[in-house]
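Ready for a few exercises at the bench or the screen? Have the sequence and the 3D view open, and try each task before you read its solution.

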Amino acid sequence: MSKQIRDNVYGFVELDDDEVKAIGHPFFQRLRRIKQNGLLEFLYPAAKHDRFQHSLGVNHLMKLALRHFENESFGMSREKMDEYRKPLLWAALLHDVGHFPLSHTCEGAAGANHEQFGAWLIENTSVGEVLPRDIDKKEISQLITGEILGKDLGQRPWFVRQLMKSDLDMDRMDYLLRDSVNIGIPYGNIGYTQLIRSFRICGKDEKLCIEDKAIPTADGMELARVSMYTQVYAHKVNDSYSQMMTYVYKANPGIFPSVNEIKDHIARDKSFWEGFDDIWIWNKLREISKDDKNPTNRYAKMLLNRQHLKLAHELKEWKPLKDRGENYLKYKILTDGINRGFYPDCPAKTGEVLAGETKVKYSDIAPQISIGVLGEESEGVSLPEAIWVSSARRCWNEPKLLVTLPESLTNLMGGKALFISRVYSIEEKREAMRAFVNAKCDELKIRY
Amino acid sequence: MYEHGLRLMSVLSKSDGGRMDTFQQRMFNQKAVFILSRIGIPDLDYPFNWYVRGPYSPELTFDLYESQGILDMRKQEQLSQPIEAGDVPALNAFDNLLRELKIIDPEQGLEVKMELIASIIYLAERIPAGNDKPAAIREAIPRLKEHFRDWNLDKYLSIASKYYRL
């Protein structure tokens, strides 16, 4: 018996009885109160979708992928399907149960990793009890964190990890599609059906590969991700709000908890995690906004009223990771000094200015591409994150990395990342800050 | 990131690490951060995984590359992040570990010996309590890493257990 739920990306998603029961758990229902993109709705008002929808979507894509592999000629044996089907579906469903409020904003501020925290929740709290009896909690938590070693310290087949965590994983596919549909921006509209239909499992490590005819689609997905990052997630306005929220979070350790404090809270009150959601954060911001003695009171008021610090200056550079990047580093030292109040002649003071940075890697294997050690076992990195390509018609004995193929755009861009460093200030001091940073850049010979 | 990168480079440079020019340096940095995060500098932790020469963290590699300029520019920087008092015991222990590793099996590279120590700790973290961890590690390492097949694992288990509770 299964339940069909309407979804604005796929039409319908389907859940079996155990899954329906699982999503009723308070920790899963909590995901309805965690916006997928944190404060992005301040920039794109339609960005109100949540982690609950996304979790169902990832589960749906995993089902599509596994349904594709029911055709054994695509490389997944019946034994492997029987062994990994259910764990992969459960990991896909529960992969975000450890997400912090406002998604990655508060996670970064709390020094947390939502996958590791989700794994901890599954192993230590009642959410792990939603799993059917024949599913091992440890297995699910390891799939969520992308652990390569399985039980008995054996190595899992690569495809198991890759379906959950790689440049081609179901999580990434869903968030690109879902964000694109909900925000109303086309960049994330990837050819997911073509990609899944091109999936093969091959090679000695049982790698998840795509057929070579899907290379343009895979390139499109990498490019889509970069476009979504540069135009949406790392947009200067969204970034400004994130920087402000991060600052308020970190500056109020007595109010906003760290990861270990959250674990202590949960130990004392099992329901704490249920209530630790976006609403909890907004309530705390409201308390801070009423406390005139709190130095972050101004930012709290601004966040509550959809006001943000304005971009005064920025440096953006696409560079290969092997490049030492002295120009960017000098800029970072400058902006770090601004953050710390190091310059007495800086027009904006602490509480009026924030500097921060963001990085957009073209590919998860950018470091390895950058130093040219692709697939070299001597380097010690086997690259399960990468996209691998198989080709029967070209008679390849083993799959090849997409990034090594001259016909692929990833070949050109894979080893690079876009580094963005920005200075934001209150509106009244924006022009003065711009002039100040310009002058400092000239003095320090920073190109901007 | 700059603050974190500065801390990363400050800690690594105490043991002459930090550079990413050669394979040996890259391996040293990865294993040093892993071991240090387990023996007393937890905020250096990254998500590590079992790669061919793991434990290895792609995120750490990314940060190390981005922070390379810090080593070049340290003498010019106006900001400094001194080693914290709480780091000193771990750094001293790490130095002692390196000293021990340099003495045994001198024909093997230091970074390879660090790989073995880090592998022991990584596996120990994943073996449930109550199991005979040394036995499980002795069985797993030659199976998972062929290049350690002929090594005297007991020696390294003994060293590892001095610095990390197996």
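The exercises below go through strands, rings and one proline, and the model they use is a predicted one.

**Exercise 1. Work out the strand order of the open three-stranded sheet in chain A, and find what packs on this sheet.**

Solution.
- Step 1: Start with the order, which reads E5-E9-E6 in chain A, with antiparallel pairing.
- Step 2: Look for the strands that pair on one side only; these edge strands are E5 (310–320) and E6 (353–361) of chain A.
- Step 3: Go from one strand to the next, and you find a twist that averages 15 degrees.
- Step 4: Add the helix. H12 of chain A, residues 236–251, packs on the sheet and touches E5, E6 and E9 of chain A. The direction of H12 makes about 120 degrees with that of E6(A).
- Step 5: Zoom in on one pairing. Nine bridges link E6(A) with E9 (residues 416–425) of chain A in the antiparallel sense. Within E9(A), Val423(A) is the bridge partner of Ala355(A).

**Exercise 2. Describe the open sheet of four strands in chain A, and then the hairpin between E1(A) and E2(A).**

Solution.
- Step 1: The four strands follow the order E3-E4-E7-E8 in chain A, and their pairing is mixed.
- Step 2: At the edges you meet E3 (199–202) and E8 (400–401) of chain A, each pairing on one side only.
- Step 3: Take E3(A) and E4 (residues 207–211) of chain A: they run antiparallel and are joined by four bridges. Here Cys202(A) is opposite Lys207(A) in E4(A).
- Step 4: Now turn to the hairpin, where three residues connect E1(A) to E2(A). E1 (residues 2–7) and E2 (residues 11–16) of chain A run antiparallel, with six bridges between them. Asp7(A) has Gly11(A) of E2(A) opposite.

**Exercise 3. Classify the ring pairs that Trp280(A) forms with Phe272(A) and with Phe276(A).**

Solution.
- Step 1: Recall what you need: a pair of aromatic rings is described by the distance of the centres and the angle of the planes.
- Step 2: Keep the cut-off in mind, with planes over 60 degrees apart counting as edge-to-face.
- Step 3: For Phe272(A) and Trp280(A), the values are 6.5 Å centre to centre and 80 degrees between the planes, an edge-to-face pair.
- Step 4: For Phe276(A) and Trp280(A), the centres are 5.0 Å apart and the planes at 75 degrees, so this pair is edge-to-face.
- Step 5: Check burial. Phe272(A) and Trp280(A) are both buried, and Phe276(A) is buried too.
- Step 6: Widen the view: these residues belong to one aromatic cluster, whose members include Phe100(A), Trp120(A), Tyr249(A), Phe272(A), Phe276(A) and Trp280(A). Over all chains, the whole structure holds 33 aromatic pairs.

**Exercise 4. Which ring does the charged end of Arg126(B) sit over?**

Solution.
- Step 1: The ring is that of Tyr122(B), with the charged end 3.6 Å from its centre.
- Step 2: Chain A has a case with lysine: Lys400(A) lies over the face of Trp396(A), 5.1 Å from the ring centre.

**Exercise 5. Place Pro47(B) and list what it touches beyond four places in sequence.**

Solution.
- Step 1: Pro47(B) belongs to the loop between H2 (23–39) and H3 (58–66) of chain B.
- Step 2: Its relative accessible area is 28%, so Pro47(B) is partly exposed.
- Step 3: Beyond four places in sequence, Pro47(B) touches Tyr56(B), Ser57(B) and Glu59(B), along with Asn113(A) and Gln116(A).
- Step 4: Glu59(B) is twelve residues away along the chain, and its C-alpha atom is 7.5 Å from that of Pro47(B).

Conventions: Residues numbered from 1 in each chain as written. Chains lettered and ligands numbered in written order. Predicted model: local features only at pLDDT ≥ 70, side-chain atom pairs only at ≥ 80, totals over all residues. Heavy atoms only, no water. Pairing = 2+ DSSP bridges. Helix = DSSP H or I, 4+ residues; strand = E, 2+ residues; numbered from the N terminus. Axes fitted to C-alpha atoms, helices over the stretch in contact; angles between N-to-C directions. Contact = heavy atoms within 4.5 Å. Phe/Tyr/Trp six-rings, centres within 6.5 Å; stacked < 30°, edge-to-face > 60°. Buried < 20%, exposed > 50% of the residue type's maximum accessible area, 1.4 Å probe, protein only. Lys NZ or Arg CZ within 6 Å of the ring centre and 35° of its normal.
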